[in-house]
Amino acid sequence: MKILFITPHLSTGGCPQYLFKKIEALKNDHEIYCIEYADITGGILVVQRNKIQNVLGKNLITLHENKYELLDHINKIQPDIIHFEEMPEYFCEDNLAIAIYETNRKYKIIETSHDSSFDPLNKKVLPDAFAFVSEYQKRNLECLNVPSHIVEYPIEYKNKTNREAALLELHLDPQKTHFLNVGLFTSRKNQKEIIEYAKKLLNEPVQFHFVGNQAENFKWYWEPLMNDFPANCKWWGERSDVDTFYNAMDVFLFTSRGTDNDKETSPLVLREALGWKMPILMYNLPVYLGMYNKYKNITWLDTSAYKNIEIIKSKVVTKEFFDVDCRLEGPNKLIFKNLGTPFKCLMSVRDNATKVPIYFCNFDFTATDSWWAIPSMNTDYTKEEFLNEFLIEFYDDKKNLKISKVLKFKERTYTPIKVDCDFGPFDCFYNNYREMFYEDIYAPFDLKDMKTVIDIGANAGLFSLYMLNNNCECVYAIEPTSKAFGQLKKNLSKYKKAKLHNIAIYNKKGKMDITFTDSNSTISGFNLENIEAGMYDERNNSEEVEVDTLCNFIKENDIANIDLIKIDVEGAEYDIIDSLSDDNILLSKNYLIEYHGADNKNTHNRLLGIISRFKNLEYKIFNYKDPKLKYPNSFFLAAR
């Protein structure tokens, strides 16, 4: 279908933006043309015009002195629908409009209007239908007996980013409350009222911002205002990045009142401010017919200027300002200096390339403005092959992010494999990630293209992700603790090939208490005596979990032709293997087993026993990292 939009002009404002939104919604399914009746942009008020030009290209046509060329374009385009973006009585010559609306036309005509003051007695030509932007327009013109529909500009909900960072990007003081007004400087938009309020509030921590053009034909209105512009007001002019201001600022202040002959209609800026969930101060005009009554973030302005100043002051709050200077001193010491409001926080250090947490701790910037931390005593980050940037984040006691910093300390020499996951800030399994995805410690085992894998002790899902990145067709990820399983679900939710099970595999069926640590979901277990000293800190926790045997799990899930079973269960691996019959073991072609506590004589003997058992069942043992079994913790592959 060919649709031809006819618009009075494309100078920056609500009408061109509304038109752009319609074109954007229709362009993929229809052939769209737009004719601009007059170019009044002056070459500068072109934000929306440029958007439409980028979408339509040569299908955007501008008329010049001879407006009757419009008929030639219609004959050439042969549209199915002509959509007037404003009533032709407002801008189109009468005889030209009559020619377009002629009785035997082959196209349908739809009219939209962005004005609420039109007198229906002045209607000279009638469309096939109206597409109104507000209920008031529909009621005002229903006496014309033309089918009508209300097509409101959409409210697109968006989430604000960090307030302090957004304000600093605009070079604004985060400790002030910032009021925003968006729109053309005209008497109807009534910026003068805001400026008068600003003059009364020069001693308050507030700043008023105006985003919008000052068109030459309204110079009579805005020039006197600019000649007496108070210091707490800033005019930003016409902007193509208006969302930057909605995102950064605190309150939307809209003082438009309208008059009997110049009413408001349905201001797009109000719908944009609603989309950004901003507190809004505005007049509840009769023309709105209560359409904004349902929004709880709107406060109505009063007819009394004194009361309005009090309303504005009620929105002014002392703003906390968060900023921290971060630097690396020596090989591994991070130094932090608070540059903003004192605050207590949780600080998280991540690898910025992958967002995997390395370390976290508590800081109290109310007690001192400087702190230091060493994420790893044994790491020289200046020589670290796989890490060149920290992402350092500061959270309040409710774990809301207050500020984040990227600290680059050298150039990257290696690009790791990234996985599509949103890792939390306080689950520090960077060392595990580093081994798998940076160092690729399993590369010598050639674990690619395995069809079915059972991952026992899946924790946050790193090994499952490793296998999925190596073309595994199906992985059963098994993890008992609620914290680790929550992270597992988060990390693997996008992977249809992953089947998740919140259960522990052990040597019996039932329920047992399992111990885990807050700082790392990869650390939990039944047999803590088999885990190296210091693994569990003062944040020890325990919970009761479901337990079952590996044999039962395989039967209940009807798993056949297993290519690999990986077992990493912090010391319970010996009990699991001992509980299996030889026939049970032979169900899988390969076993990847991480062993723990082998520096203990009894545990070392148990390790030798399960290795001997695998060999007797004709499995080959590969242990390139610890071939002589000297380390307390390592891993081996048993392959048949």
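## Exercises on a predicted chain

In this chain, 67% of the contacts (heavy atoms within 4.5 Å) with a separation of 6 or more are between residues 24 or more positions apart. The model is predicted, so to speak, with cut-offs attached: local features need pLDDT of at least 70 and side-chain atom pairs pLDDT 80 or more, while totals for chains, interfaces and linings use all residues. Residues count from 1 along each chain as its sequence is written, and side-chain values use heavy atoms, with hydrogens and water left out.

### Exercise 1: the whole chain

Describe the chain by its elements, its radius of gyration and its buried share.

*Solution.*

1. Start with the elements: there are 19 helices and 31 strands. Both are DSSP runs numbered from the N terminus, helices being H or I with at least four residues and strands E with at least two.
2. Now the radius of gyration, taken over C-alpha atoms. The globule rule is 2.2 Å times the number of residues to the power 0.38. For 640 residues, a compact globule would come out near 26 Å, but this chain has 34 Å.
3. Along the principal axes, the C-alpha atoms fill a box of roughly 100 × 65 × 45 Å.
4. Of the 640 residues, 55% are buried. Buried means under 20% relative accessible area, exposed over 50%, and partly exposed in between, with a 1.4 Å probe and protein chains only.

### Exercise 2: salt bridges across the sequence

Work out which parts of the chain the Arg271 and Glu152 pair ties together, then do likewise for Glu264 and Arg188 and for Asp582 and Arg613.

*Solution.*

1. Fix the rule: a salt bridge is a side-chain nitrogen of Lys or Arg within 4 Å of a carboxyl oxygen of Asp or Glu. That gives 37 salt bridges.
2. Arg271 and Glu152 form one at 3.5 Å, N to O. Arg271 sits in helix H11 (residues 268–275) and Glu152 in the loop between strand E7 (148–150) and helix H7 (163–169), so the pair joins parts 119 residues apart in sequence. Arg271 is buried at 7% relative accessible area, whereas Glu152 is partly exposed at 38%.
3. Glu264 and Arg188 meet at 3.9 Å, N to O. Here Glu264 is in the loop between strand E11 (251–254) and H11, and Arg188 in the loop between strand E8 (177–182) and helix H8 (191–200), 76 residues apart. Glu264 is buried, at 3% relative accessible area. There's a network here too: salt bridges link Arg188, Lys189, Asp262 and Glu264.
4. Asp582 and Arg613 pair up at 3.0 Å, N to O. Asp582 belongs to helix H18 (residues 582–585) and Arg613 to helix H19 (residues 601–616), so this bridge ties parts that are 31 residues apart in sequence. Asp582 is partly exposed at 36%, and Arg613 counts as partly exposed at 22%.

### Exercise 3: a buried acid without a bridge

Which side chain of opposite charge is nearest to Asp568, and how far away is it?

*Solution.*

1. Place the residue: Asp568 is in the loop between strand E28 (564–567) and helix H17 (573–578).
2. Sort the charges: Lys and Arg are positive, Asp and Glu negative, and neither His nor the chain ends are counted.
3. Lys566 is the nearest side chain of opposite charge, at 4.5 Å; Asp568 is buried but has no salt bridge.
4. Check the surroundings. Beyond its neighbours within four places in sequence, Asp568 contacts Ile456, Gly457, Glu594 and His596.

### Exercise 4: Lys123 and Asn247

Find where Lys123 and Asn247 lie, and list what each touches.

*Solution.*

1. Lys123 is in the loop between strand E5 (108–111) and strand E6 (129–132), and counts as buried at 12% relative accessibility.
2. Leaving out residues up to four places away in sequence, Lys123 touches Met87, Pro88, Glu89, Glu111, Phe118, Phe130 and Leu144.
3. Asn247 is in helix H10 (residues 242–248) and is buried, with a relative accessible area of 12%.
4. With residues up to four places away again left out, Asn247 touches Asn159, Lys160, Thr161, Ala166 and Trp276.

### Exercise 5: helix H2

Name the buried residues of helix H2 and some of what covers them.

*Solution.*

1. In H2 (residues 47–56), the buried residues are Val47, Gln48, Arg49, Ile52 and Leu56.
2. Their cover includes helix H1 (14–26), strand E2 (31–36) and strand E3 (60–62).
3. Just past H2, Gly57 has a positive phi of about 60°.
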